[in-house]
Amino acid sequence: MGGVGLCLVIAVGLAYPAAPQGLLGIGSRPTDAEIAAIDISVAPDGEGLPPGSSTVDDGARVYGEQCGDCHGAEGVEGPYDRLVGGQKPTKTIGSYWPYATTVFDYVRRTMPFDAPGSLSNEDVYAVAAWLLWKNNIIPADAVMDRTTLPKVTMPNRNAFIGDPRPDVP
Ligand code: HEC
């Protein structure tokens, strides 16, 4: 039995020698700059938030210029996802999202939908501030930065139930 296994290993080894790089002729090794551009995760506790800060007022301007056409002037009308208000089961930032830091992470990585990654960090702090204010979560004079944003407590924070089952190996 052991001999058969060994033979198989040798046979497979002969049939499939280590693949030389570029064997399939597709893809390319990402540059450090390409990796840095997407290595931007922000954790729930704010780890990974960049420097910079902004206000609700600035956010109103950025939102009007960059977001309102798709999400409505008040963040309610659409045509795309509603961002403001709503009661469960209508899921919005205010009614559903457990962490304020996710607003920063999500908007920076995905929005505007047709130009993701185009906003400065200041602009992302600004729209995050405006969205949190519109959802009655922070006051109109709040300043959002890497210290204040993680301290914002979201209304639905404690409505999530952890799954106690162990991970399936
Ligand atoms: C061209 C249209 C368009 C523009 C402009 C746009 N969005 Fe969006 N947005 C979308 C679409 C479409 C989705 C749904 C994406 C999905 O489900 O994968 C979305 C989803 C979102 C969500 C998630 C909503 C949720 O609760 O799941 C947020 C937050 C958001 N957008 C914020 C913004 C902000 C802030 C801006 C401006 C900086 C912006 N969007 C600009 C089209 C747009």
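Author: Let's start with burial: a residue is buried if 20 or more other C-beta atoms lie within 10 Å of its own, and exposed if 12 or fewer do, with partly exposed in between; C-beta atoms are placed from the backbone. The model is predicted, so local features need pLDDT of at least 70 and side-chain atom pairs count only at pLDDT 80 or more, while totals for chains, interfaces and linings use all residues. Residues are numbered from 1 along each chain as its sequence is written.

Reader: Which residues of helix H3 are buried?

Author: Helices (H or I, at least four residues) and strands (E, at least two) are DSSP runs, numbered from the N terminus. In H3, residues 56-66, the buried ones are Val-56, Gly-59, Val-62, Tyr-63 and Gln-66.

Reader: Why are they on the same side of H3?

Author: The general idea first: an α-helix has 3.6 residues a turn, so residues three or four places apart point the same way. Here the buried residues of H3 cover an arc of only 115 degrees around the axis, which puts them on the same side; the arc is that of the directions from the helix axis to the C-beta atoms. Gly-64 and Glu-65, on the other side of H3, are exposed.

Reader: What covers the buried residues of H3?

Author: The cover includes strand E1 (53-55), H4 and helix H6 (121-134).

Reader: And which element gives the largest share of the shell around the ligand?

Author: That is H4, with 3 residues. Of the 19 residues around the ligand (C-beta atom, placed from the backbone, within 6 Å of it), Cys-67, Cys-70, Met-111, Pro-112 and Phe-113 come nearest.

Conventions. Contact = placed C-beta atoms within 7 Å.
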